Amino acid sequence: MSRNSGSKDSGERVRNKEFARVTYFFVILFIALMGYLVYFMVVRAKLVVNSPYNQRQDAYADTIIRGSIVDKNGNVLAQTAVGGDDGSETREYPYGEVFAHVIGYSDSKLGTTGLESVENFELLTSNAFFLEKLQNEFSEKKNRGDTVVTTLDANLQQAAYDALGSNKGAAIVMEASTGKILAMVSKPAYDPNNILSDWSELNSDEENSPLLNRVTQGSYAPGSTFKVVTTLAFMRQNSDYPNYTYDCNGEISQGDITIHCFNGNAHGSEDLRSSFANSCNSSFANIGLGLDLTQYRQTAEDLLFNKSLPGVLNAAKSSFALDQNSSEGEVMMTAMGQGKTTVSPYHMALIAEAVANGGTMMQPYLVESVTNYTGSQIRKNVPKSYKKVMTSDEAAQLKEYMTAVVEEGTGSVLKGRSYTAAGKTGTAEYSMSDGEKTHSWFMGFTNVDNPDLVISVITEGSDGSSSGKAVAIAGDILDAYYN
Amino acid sequence: MTFLENWTYVYAAVGGAALLIVALFAATLGGAKLSFNIGPVSLQPSEFVKILFVFFVAASLNKSTEFKNVVVTTAIAAAHVLILVLSTDLGAALIFFIVYLIMLYVATRQPLYAIAGVAAGCGAAVIGYHLFSHIKVRVAAWQDPFAAYSEGGYQIAQSLFAIGSGGWFGTGLFRGQPDTIPVAETDLIFSAMTEEMGLIFTLCLILVCVSCYVMFLNIAMELRNFFYKLVALGLGTCYIFQVFLQIGGVTKFIPLTGVTLPFVSYGGSSLLSTMIMFGIIQGLYIVREDEEAEEEHQIEMQRARQRNRSRQNERRRQSSSNAKSGRSRQDGRDRRREYDGDNRDRARQRERDLRNESGRTTGKKTTKSRPRFEDVPEQRQQRQRRTRSEQRVR
C-alpha cells in the first residue's frame with residue numbers, strides 16, 4: 001500500500017512548483033559557472049599566466065634552468081650558462097645585436113621582451129625524461145627547461161643585418177606559402193648580453209631608439225608601396241581596368257594641389273601595368289580621384305589596415321585615414337602613398353605574402369616546435385591560413401604587375417639574378433621642412449612562378465638621390481640566401 | 001515548536017539592532033565595517049543576523065501573503081539591506097536581498113514579485129554604481145583586472161594567476177604560492193585551493209555544495225508546515241548564493257564581493273553561523289521524519305479502527321449463535337491488535353477459546369489488563385513487516 005502518494009495531495013505538488021523552479025535556477029547557474037571555469041582553463045589560462053604581473057613565473061626559475069632558443073638549424077640564439085661553483089646562471093646571446101629585437105631579453109629586474117617573453121612559460125617548463133627529473137628531485141638539482149626551436153635562419157638573419165649596414169631601418173623575410181618568419185632585423189640594435197649595464201643609456205637614446213623593434217612597431221608612410229592597395233581598389237571598382245590609359249606629363253593638378261612624378265619624369269602614355277611599373281604618381285593620383293572612397297577604405301581594411309595584425313609579437317596597427325569627407329588633395333596624396341597613411345614593415349610583408357600566396361594570408365609564426373632539452377619533440381606548430389584577403393584572380397593580376405616592376409620598372413636591379421623576383425619599390429617622403437627627407441621601401445617576393453620567400457625592407461632617412469636603397473639591400477639579402 | 005513562527009517582529013528587531021550596532025560602532029576593517037571585538041573575540045554579526053532574517057521573513061510570510069503584509073515585510077527587509085549597504089558590506093546586502101526575493105516569490109507564488117524585485121535590484125545597482133566610488137572600482141576591476149591592476153584589480157589578477165597556474169591537477173599541496181593572493185584565507189580561498197589541488201578537485205567541491213543545496217530544498221519540499229518550508233528554503237538559498245558569490249567573484253564571472261566560502265574559509269563567525277544553519281535544517285529534516293511517522297501512525301490507527309469496527313459487527317452477528325463469554329472478552333483484544341489476514345486471527349481465536357475453556361477461572365480478567373505473551377511477538381513482527389514495506393514505497 002503506497003501511503004506516501006496519498007500524503008502529498010495535488011495542492012502540495014503545486015505548492016512545491018516554485019521550490020523546484022528555484023532549485024533549477026540555481027543548479028543551472030552553477031553549471032554555467034563550472035562551464036566558465038573549464039573555458040577559462042582551456043582557452044584563457046595560458047594568456048593570463050604570461051602576464052608580467054604574475055610573480056609565479058619567477059618562482060619557476062628557482063627550480064628550473066631556463067631553456068634555450070635555437071634557430072631552425074639548431075644554432076643557439078639564447079641560452080643559460082650555469083657557471084662557477086655557486087651555480088650562478090647567466091643568460092647568453094651568442095649572436096648579440098643580430099637577433100636583439102626578435103629574441104628579446106630576459107632579466108629578473110627588467111622583465112622580458114620578444115620571444116623570451118612570449119615563450120616564457122615554455123622556457124621555464126621542463127619536460128625532461130621523468131626518471132631524470134626524479135633523480136634531480138632527490139639530488140636537489142635543477143631541471144633544464146624546454147628548448148624553443150624557432151623558424152629563424154641564422155645565416156639569413158646575419159645577411160640581413162650586414163646588408164642594412166649603417167642604415168637605420170628594418171628587414172623581414174618570410175616563407176610565402178607557410179607564414180614562417182625566417183629573419184627579422186631592426187637597426188639600430190643593442191647587445192642583449194649587456195642589457196642590464198646599458199639600460200639607462202639605451203633608454204635615453206631618443207635619437208636612435210635602439211630598443212624599438214622597427215619591424216613590428218615602426219609606423220612609416222608607405223610611399224609608393226601603397227600603390228598595391230590603390231591598384232587593388234581600382235581593379236575592384238572598375239572591371240575594365242586593363243583598358244585604363246593615362247597620359248603622364250610629369251605632374252597632375254587638381255584644384256590648388258599639384259602632384260609631381262618622381263624626379264619630374266614624364267612617363268608618357270601608360271596603362272595600369274606601366275603606371276604601376278614606373279610608379280607614376282600622376283597616374284595614381286588620377287586613379288585616386290576616380291575611386292569611391294568608402295569602397296577604397298573597405299579594400300584597405302580587407303588588407304588589415306586599421307585592424308589588429310596576426311602574430312605573436314605585438315605589432316602596431318596600420319592606419320588608413322580616408323573616408324567620404326576627405327578632400328581631393330588628401331585623396332590624391334593617399335592614392336600615391338603619402339597622406340596620413342602609416343604602415344609597418346611587418347604589415348607590408350604580410351600583404352606581399354598574401355599576393356604571393358594567391359590571396360590567402362597565412363598566419364605568421366616564429367616558433368617551429370618545442371622540444372625538451374635533449375631534443376625530443378613536445379609540440380609542433382603547423383602552418384595555418386589566417387584570412388583570404390583577395391581573390392586568387394586579383395592576386396594573380398597584382399603578381400603580374402609586380403613582376404613588371406622588376407622586369408621593366410623601378411625594381412630592375414633585381415633583374416637577371418639566379419632567382420626571379422617581383423615586388424614594389426617605394427620612396428616615402430616624411431619631411432618637407434628639412435629638405436626632402438625620404439624613407440626607401442621595398443616589398444616583394446622571389447620565384448614568381450611558385451613563390452618562395454617574401455621580403456620587406458625599409459631604410460630611414462636617405463636623401464632623395466639614392467632612391468633604390470631598400471631594393472638594393474633586398475637584393476643583397478636574397479643573394480645571400482640563394483647563393 | 002510552534003512558538004517560533006509567532007516571533008516575527010522579535011527577529012526583525014534583534015536583527016536590525018545588531019546590524020545597526022555594527023554600522024555605527026564597529027572598527028573599519030579593510031574598507032568595510034564588518035565586525036567588532038568583545039574582548040579577545042571578534043564577532044561578525046551579519047553572519048548571525050542572516051539566520052534571524054530568514055526566520056523573520058518566513059514567519060511574516062507564513063502569517064499572510066496579502067499585499068499589505070508583503071509591503072510591510074518588504075519595508076523591513078529593505079531596511080536590513082540598506083543598513084548593510086551603508087556599512088559597505090555589499091556582499092551580505094546582496095545575499096539578504098536575493099534571499100528575500102526568492103522567499104517572497106515562493107511564498108506568494110507570483111512571478112511578478114520576482115520580476116519587480118530583479119528590476120528594483122538592477123535599478124539599485126545602477127544607482128549604487130554612480131553613487132559609490134568603490135563599486136565603480138570593483139566593476140572596473142572585474143572588466144579588466146590587468147588594466148585596473150593598481151586600483152583593486154590586483155586581487156582578481158592574482159586570483160586568476162593562481163587558478164591558471166594550478167592547472168587541472170594543481171601544483172600539489174604546499175607547492176603553490178597562496179601568499180601572493182590577497183586575503184587568501186577568507187575571501188579568495190577558492191583560488192588558493194584551485195592552485196594547489198587543481199581544478200578537478202574544486203569542480204567536485206562545487207558539486208558538493210550544489211548537492212547540499214539540492215538536499216536542503218528537497219527537505220523543504222517534503223515538509224508540510226509552511227513556516228518550516230520557508231525557513232529551509234531561506235537558509236538553503238542563503239548558503240548557495242554565498243557560495244556562488246564567492247566562486248563567481250574570484251573567477252571573474254561576476255564582480256568580487258567580500259564573502260567567505262561556508263565551511264571552507266577561515267572565520268569563526270562564518271563557521272558558527274553555517275553550523276547553526278546546517279543544524280537547523282538537519283532539525284527540520286528530523287521534524288519531517290517525525291511528521292511523517294506521526295502521520296502514518298495516525299492513518300494506520302484510523303484504518304485499524306475501521307477494520308476493527310467492521311469485524312466487530314461481523315462477530316456480533318456470529319456470536320449471537322455462540323454463548324461463550326470469552327469471545328466478547330477477545331473483542332477488546334482484537335481492537336488493540338493490528339493484523340494482516342482474517343484467517344490467522346480466527347485460528348488464534350479458536351486456540352484461545354480452547355485454552356480458556358480448559359480451566360481458567362473467569363475472575364482472573366487477564367485478557368483485558370495485559371496482552372498475552374503469544375500475542376506480543378506477533379504484533380512486533382507485523383509492525384516490522386509493515387515499516388519495511390513502507391520504506392520500499394518511500
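**Salt bridges, ring pairs and a nonpolar patch in a predicted model**

A:Glu301 and A:Arg297 are four residues apart in helix 15 of chain A, residues 293–302, so about one helical turn separates them. I begin with this pair, and I should say at once that we are looking at a predicted model. The two side chains form a salt bridge, with N to O at 3.4 Å. A:Glu301 is buried, at 17% relative accessibility, whereas A:Arg297 is partly exposed, at 26%.

As background, side chains of opposite charge can pair when their charged atoms come close. How many salt bridges are there over all chains? The count is 17.

One of them joins A:Glu116 to A:Arg66, at 3.1 Å from N to O. A:Glu116 sits in helix 6 of chain A, residues 114–118, and A:Arg66 in the loop between strand 1 (64–65) and strand 2 (69–70), so this salt bridge ties together parts that are 50 residues apart in sequence. Are these two residues buried or exposed? Both A:Glu116 and A:Arg66 are buried.

Another salt bridge runs between A:Glu408 and A:Arg273, where the closest N and O atoms are 3.3 Å apart. A:Glu408 belongs to helix 18 (residues 392–408) and A:Arg273 to helix 13 (residues 272–278), both of chain A, so the parts tied together are 135 residues apart in sequence. Here A:Glu408 is partly exposed, at 47% relative accessibility, and A:Arg273 is partly exposed too, at 27%.

Back to the helix 15 pair for a moment: A:Glu301 counts as buried because its 17% relative accessibility is under the 20% cut-off. There is also a network to note after that pair: A:Arg66, A:Arg91 and A:Glu116 are joined by salt bridges that share partners.

Now the aromatic rings. Over all chains, the count of aromatic pairs is 29. Among them is A:Tyr36 with A:Tyr39, a tilted pair with 6.4 Å centre to centre and 40 degrees between the planes. These two tyrosines are three residues apart in helix 3 of chain A, so about one helical turn lies between them. A:Tyr36 is buried at 19% relative accessibility, while A:Tyr39 is partly exposed at 42%. In the pair A:Tyr95 and A:Phe99, the ring centres are 5.4 Å apart and the planes stand at 80 degrees, so that pair is edge-to-face. A:Tyr95 is partly exposed at 26% relative accessibility, and A:Phe99 is buried at 3%.

Which residues do ring pairs link into a cluster? From chain A they are A:Phe25, A:Phe26, A:Phe30, A:Tyr36 and A:Tyr39, and from chain B they are B:Tyr213, B:Phe241, B:Phe244 and B:Phe253.

Two lysines lie over ring faces. A:Lys187 is over A:Tyr161, at 4.0 Å from the ring centre. B:Lys229 is over A:Phe19, at 5.2 Å from the ring centre.

A:Tyr39 comes up again on the surface. A:Val38, A:Tyr39, A:Val42 and A:Val43, with B:Trp168, B:Phe169 and B:Ile200, make a nonpolar surface patch of about 670 Å². Helix 3 of chain A, residues 17–49, gives the largest share of the patch, four residues.

Last, chain B as a whole. Its secondary structure comes to 15 helices and two strands. Of its 394 residues, 47% count as buried. Among contacts in chain B with a separation of 6 or more, 66% are between residues 24 or more positions apart. Chain B exposes about 20,100 Å², and carbon and sulfur atoms supply 61% of that area.

Methods:
Residues are numbered from 1 along each chain as its sequence is written. Chains are lettered from A and ligands numbered from 1 in the order in which they are written. This is a predicted model: local features need pLDDT of at least 70, side-chain atom pairs count only at pLDDT 80 or more; totals for chains, interfaces and linings use all residues. Side-chain values use heavy atoms; hydrogens and water are left out. A salt bridge is a side-chain nitrogen of Lys or Arg within 4 Å of a carboxyl oxygen of Asp or Glu. Buried means under 20% relative accessible area, exposed over 50%, partly exposed in between (1.4 Å probe, protein chains only). Patches are made of residues with over 30% relative accessible area and no salt bridge: like charges are joined within 9 Å, nonpolar side chains (Val, Leu, Ile, Met, Phe, Trp, Tyr) within 5 Å. Accessible areas come from the Shrake-Rupley method with a 1.4 Å probe; for residues, only the protein chains shown count as cover. Contact means heavy atoms within 4.5 Å. Rings of Phe, Tyr and Trp (its six-membered ring) pair if their centres lie within 6.5 Å; planes under 30 degrees apart count as stacked, over 60 as edge-to-face and the rest as tilted. A charge sits over a ring if NZ of Lys or CZ of Arg is within 6 Å of the ring centre and within 35 degrees of the ring normal.
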